[in-house]
Each structure stands twice: as C-alpha cells, then as structure tokens.
Amino acid sequence: MLGSLLLGLFVGVLLVQAYINSEFTADHKETEVGDQDGVPLSIRGGGPIINTTGGQESTSRLPDRTIALTFDDGPDPVWTPKVLEVLRDNDAHGTFFVVGSQVARHPGLAKQIVADRNELGLHTFTHPNMQLLAPWRRHLELSQNQVAIARATGVHTNLARFPYSSKSEAIDETNWKVVKEAGRAGYLIVVNDLDSEDWQRPGVDQIIHNAVPSGDRSAIILFHDAGGDRSQTVAALAKFIPMMKARGYRFTTVTEGLNLGIEEQAADVRAGRAPESATVIPTLPENPAAAAGDEWRGAALIWTVRLADSLVTVVAALFVVVGLLTIGRTALLLLLATRHARKRRRPDWSWGPPVTDPVSVIVPAYNEKEGIEAAVRSLALGDHPEIEVVVVDDGSTDGTADIVERLRLPNVRVVRVPNGGKSNALNTGIALARHDLIVTVDGDTIFEEDSIRRLVQPFADPTVGAVAGNVKVGNRASMVATWQHIEYVIGFNLDRRLYETLNCMPTVPGAIGAFRREALAKVGGVSDETLAEDTDVTMALCREGWRVVYEEHAKAWTEAPTTLEQLYRQRYRWSYGTMQAMWKHRRALFDNGSSGRFGRVGLPFLALFGVALPMLAPVVDVMLVYGLVFWELKETAVAWLGMLGLQLFTAAVAFRFDREPLRPLWRLPLQQFAYRQLMYLVLIQSATTAMTGGRLRWHKLNRAGLTPLPEIPPPPPPPPGEGVAPVIDSWPSPPGGSVAPVIDGWPPSAQPEVPRQQQAVGRAVAPPTTPAVPSQAHREEIPR
C-alpha cells in the first residue's frame, strides 16, 4: 500500500512537471489562419486591444506617438533583469505578458517587474496553442496564471495575450471564439501592431527596423524577454528607446496608453469635438490589488511547481548516479572478471596439489520429495574418492526422509530433527559429519559427477576457508525461469569473479558451497539470526580473514521458481536477508585487520551495487516512459537502446565466460518490461520491511523436481531378530522417545561429556553443553 501510494504520488508529480514545463507537445503546434467570414470587420481592421467584455465587440489603439513595449514568455532569470535595467536607465515602462509556470518558479522577478512600475499581463500558464485546447483547459491556463501572479506580486491583471497570436487582421473564426470566451471571463485581449521578430535573432539593426512605426502612428510592439538568447533584444532596446524619444514618442504600458486614449476621447466629448452619442468608458486600473483567495490558491500552486521541479531535479540527479554506477560496475566487471577468467584458463594455473581428503555433504531438507532422490543420487555417486552424504530432514511432512532411506545408498545417512529452520539443520548435519571438508547443498539441487571433486580443490590453499560453486538453472522451459538463468549467469557468477578478485566475496550460495570445519568453528557455525544464512556466514568468514573463492567448474543445477509469485517470495527473502546480514556486520566498517578490510571494501561494494543500484534502477524506466510521452521520441529511444546495448554486451561476456550458448539473450530486452520491475518491488518492500522493523518468515517454494520421480518399492522387512538402522544413521521419532541423536554440540566441546538422552524441546539437536545453533563471532543486534 505504501509503495502504491508513493508510486501514485510520484506519477502525479511527474505529470504536473510535464504540464508546467509545457511538454505536451501536441498543445504547441502552430496553426494556419482559417476562415475569417465570422469575424467582424471592425475587429479585423481595428486596433490591437480587443474588448469583448460585457458582450461588446470593439477594439482600441493607443494615441499617436505612443509606444507600448510588450515582452512575452518571461520572466527569465537571465534576460528579464537585463530588460528591466534598460527600461530603468531610459525611464520607460513596458507590459510583460508572463507565463504562469515561470512566475511560479521566479516570483521575485515578477514582483520586481511590478515594483519598477511595469505592467503584467497573462500569457497562459504553460504557453500552449489555445485553439487546440478544450474550454476547461483554456480557463485553467488563464486562472492558474492569474493566481500565480497574485501570490508573487499581490496584483491582478485584466490583460491577456495568447501564444502564437499576431495581429488583429489574422484573427480567424476559431480564434475569435477563444477571444470572446476570454472576454466573458473579463479579459482584454492584446495583440500587436509590430513584431520585432527578435525571436529569430536577425541582428540588432534589423530588430530596430522591424519595431519602428510609420509616420507618427502609435504601436504596441512585440519583444521577448525569455525563450533563448535575448542579448540582441537587450542591445536593440538600449538604442531603440532613446531614438524614438528623440522623435517625440512616449513609452507607456498598454493600460496606461489605453487610459490616455480614453482621456483624449473624453476631452473631445467635453470640447464638442466628438459626437454627442459617443460613449466615454471609464479608465482601467493598472496592476489592481489581487483578491485574498487568489493569493492563497497561488501559494498552493507555487509550492506544487516547486515540489515538481525539485522531484524532477532529484530524479535527473539519480539518473546520472545510476548511469555512473552502471558504467562503473560494467567497467569493473569487464576489467577484473576478465582478468580472473584469463588467470584461471592459463595452462599452468592450479589451486595446488590435488585435494583427495574425504568430504561430508550436508543436505538440509524440508518437504523436498519432488527432488530429493535425484539430488542425493547425484551427490552420493560423485567421483571424489570419499563422499559422505548427511541428509538432515527438518521435520518434513511429505516423506522426504523415507524416500532417501529407501534408496539404501551406502554412503548416505538420514537424520530426522524437529522443524527448526535451515540454520539448525545445517548445524546438526555439520555436528554429525565425520570429515573436515564440508559441502552444503540444497535439497532441490543436482550435482554433476565431478562437482564435489572440483569444488574442494581450492582447499589446497590453506588460506581458503570457503568455496562458492557455479549455480545453474536446471528448469529453463518457462520465460520466468529463462530470465533467472540469464540473471544467474550475469548477476551471480560474473559478480563472483569480481568479488574474488577484490577478496570480498559476500555469499557462498546455499545450493553449492564448501567450507573448512575449522573456519566454520571459528565463526560459531551457521547463524539463524538472518534469513540469508549463507550470506551471513560468508561475511563472518571474510571478517575472520579466510579467503572465499569461486570455482566455476563445480556446477550445481537448481530448480528455479516458475511463477512470478514464487519468484517474488524467494527474492524477497534473499534481499531482506542480505540487508539483515549487512546490518549485522556493519561494525566491520570500523574494525581493523581482515574485518575492517571487508567492512570498508565488501560492505560498501555490496551496498552500492547490490542494494543502491538495483533500488535506483527504476529511475531509468521512469525516465524512459517520461521521455517517450513528453520528450523527443528519437533521443529517448537512442538513450534507452544504448543502456540495453551495454547490458547485452555484459551479458554476452558473462555467457562466454561460462561457456553458455547466447541464444537465451534474445529474451533480455523483454526482461526489461516485467522481470526488472518485479525485482524493483522486491527491493523496495525488503527495504521498507527492514526500516520499519518488520519480521519476515521463511517461505517454502513449490517444487516440481528437475527429474521425474520413479516409484521406489518399500524396503523388505528386516530378518527376525534384527532391528532397524542405527539411530545415528536413520532417525525416526518414536512416540514418547528421544527424537535427537546423542551427539556433542558443534563446534565440538573442549571436554567430551557422557552422552545423555534429552527430550526435544522446540527446535534443536540435543547437545549436552554447547548449543546446537551456536552464536557466531561478531554477533550484533539486527532487525528481525
């Protein structure tokens, strides 16, 4: 709900930003002059001030030798102050037809215009072509501009000028309807007598030539104080005003010039120089005070514009950050991962002498009946010299342990414990393991024949405490699973090459990982304090100074979620657990030695590229949609395709390193429009859960198995006089009896004690002195 609310607010503000920036391009098309038959001749041949208020239809001109300088499209923070300075220096005033969105952004400039005894007029709020708008939108364009002016300056205006208008003789029937509509709202429409055409930047002399009226005629002249480089406009005004004053012209605002004409007409009536039937209209107030209600509405409008501008500025900055992080990550991946791959492929490279020490494989299993048989067979039949498989059934209710027992594999043991979570199952298996090299495997994962042998070879280096294997997606039939396959190759295995090079591997995957018993003992075993126990224990090992490496040739095939719901649950747990682990080990930032190195290299790296970059990545999609709707389609498409091309190049490199066929990469562009958005939601919800202190329980995924499950016949009954398998090998839970084998705690106690039976309470094996799930070294408070 919070995410939806924030998304709705974000989209709403972006739409406001697009509106105030006049980025609805369809509104800004210029139109040709249409049919004029319905426009009165008195309007088409009249003056530039058109009055349709109160149902009348009349025009007015300024008195002779009177010039009203008008400026459109401002206020502009660069050019409006320069224009005002020229007017002050020449004791002249003008009328500024301002754009409301610019007034909202620069209210101080609007106030300065009024303070210098200039006049304000409306030039709409977003500068659209009013003929192309619906009536409600035309009303909005004028009213919003009016309230923005009211808040910025405290004044009201009766003047309006429409964008893309010119002279009275160019008014056609469509425009005439808009003019009359504005008149009913109380506005005088001001067009122009002369256009300086300064917007074309034809040169100072040409601008002056265009602005000079013929003879002694008056003129309302169009200039611009915004919309581009107006240096020629400023220079032309500095010459034009003194030149015209020398010819006997006066400079007024539009309202002031209109009032002068009204006063002259009144004087003619009083002197009998005008017909007695002539109507004398009252003069108009210049910059009258605004209504209090308009000022309040203007305040809300200005704050909305500021919020929208600030948000888009932040989004633009984040877009730059995302771009830099993406390019930086790609450069690091290509440089360091390529170096890693080349090093491993050298003919003379090896981990050291072959490692043939016996291996114990721990398989924590909870309701894994679909895949447990294939997983256990692949482990037990590996080509390593001596393999022991310990399947820890974590309170399964689907007969997982029975399936394994019926296999009757000689090097496989089954241990049954009450349901206590994956960490407890792993620690139980490690405690029961007979060997010092420990391999941990998920119950849905299938190893290749040489995977265990290859996985333990890095232990030839005594500084290596853990090894991460190469996890592959085994079920690639569906689109969702194929997307995960691409992600595994790019985001997991390519990243692990980079992390190993930097000696800050954050995660040994639960699907295929190997550990020294000694290393696990030093960190207190596998902690249950986070939902990402594999990340937690790996970080602890790095802090203890153990090297954690990646063995690409040790492959494990796992069953990926096939529905978006299952995928969401899995990734939600992963990302939340990773954030928990990072928070738990946060004090490594201030430690010395190996712990400090991991804290100052591994944690920031993971925070930047594992959390911050994915959480900021939606900015790219937002800018894409925003650009496609409101900006230039070509430029936006080119930018997005450039980002996609960078991803495809990185993906191709990763696939080549892993010797994977490139064919699945044709699905990568489609991944940008569904899969990525799901991952965004996962990270946002995970971060929200972490920040609010919420708890997340373990979600069991639905499995179908990577291979068909044949029927296994039940085992024959034991011969008379023989019992069932020893308790330590097969661990049933007899009613009222002990449910835990008699074992020492793990890590082992310093002094062995006499074994004793203990009734299971909650979730644990039953160690006599050392807890079955020991606390890790460096344990700190974390949000749960």
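In this predicted model, strands β11 and β14 run parallel and are joined by four bridges. Within this pairing, V361 has V439 of β14 as its bridge partner. On β12, too, β11 finds a parallel neighbour, this time through seven bridges, and here V363 stands opposite V391. The connection between β11 and β12 includes helix α12 (residues 372-380), and the three elements make a right-handed β-α-β unit. Strand β11 is largely enclosed by the rest of the structure, because seven of its seven residues are buried. The burial extends to both faces: V359, V361, V363 and A365 are covered on one side, and S360, I362 and P364 on the other.

Helix α14 (residues 422-432) belongs to these surroundings. Ten of its eleven residues are buried, which leaves the helix mostly covered. The buried set consists of K422, S423, N424, A425, L426, N427, T428, G429, I430 and L432. Among the elements that cover these residues are the strands β11 (359-365), β12 (387-394), β13 (412-417) and β14 (437-440), together with the helices α17 (517-522) and α18 (533-543).

A comparable look at strand β9 (residues 219-224) is worthwhile. Six of the six residues of β9 are buried, so this strand is largely enclosed by the rest of the structure. On one side the covered residues are A219, I221 and F223, and on the other they are I220, L222 and H224. Strand β3 (residues 66-72) pairs with β9 in the parallel sense over six bridges, with D72 standing opposite H224. Strand β8 (residues 194-195) also runs parallel to β9, joined to it by two bridges, and the partner of D195 in β9 is L222. From β8 the chain passes through helix α8 (residues 204-211) to reach β9, in a β-α-β crossover that is right-handed.

Turning to the nonpolar interior, nonpolar side chains tend to be buried together in soluble globular proteins. The largest nonpolar core here holds 63 residues, and I362, F515, M539, L541 and V548 are the ones that touch the most other members. Helix α20 (residues 593-616) gives the most to this core, with seven residues. Once neighbours within four places in sequence are left aside, L541 is in contact with A466, F515, A519, L520, V523, W546 and V548. Another core, of 61 residues, lies apart from the largest one and includes V13, I67, V98 and Y187.

Aromatic rings add further detail, with a count of eight aromatic pairs. The rings of F71 and F96 are stacked, because their centres are 4.8 Å apart and their planes meet at 25 degrees. F71 lies in strand β3 and F96 in strand β4 (residues 95-98), so the pair ties together parts that are 25 residues apart in sequence. Both partners are buried: F71 has 0% relative accessibility, and F96 has a relative accessible area of 1%. F71 and F96 also form one aromatic cluster with F223, F240 and F251. A tilted pair is formed by Y568 and Y572, at 6.2 Å centre to centre with 55 degrees between the planes. These two tyrosines lie four residues apart in helix α19 (residues 564-584), about one turn of the helix, and both Y568 and Y572 are buried.

Charged groups also meet aromatic rings. The charged end of R586 sits over the ring of W583, 4.2 Å from its centre, while that of R306 sits over the ring of W303, 5.2 Å from its centre.

Key
Residues numbered from 1 in each chain as written. Predicted model: local features only at pLDDT ≥ 70, side-chain atom pairs only at ≥ 80, totals over all residues. Heavy atoms only, no water. Buried < 20%, exposed > 50% of the residue type's maximum accessible area, 1.4 Å probe, protein only. Contact = heavy atoms within 4.5 Å. Pairing = 2+ DSSP bridges. Right-handed = clockwise from strand over helix to strand, strands pointing away. Core = buried A, V, L, I, M, F, W, Y, C linked by side-chain atoms within 4.5 Å. Phe/Tyr/Trp six-rings, centres within 6.5 Å; stacked < 30°, edge-to-face > 60°. Lys NZ or Arg CZ within 6 Å of the ring centre and 35° of its normal.
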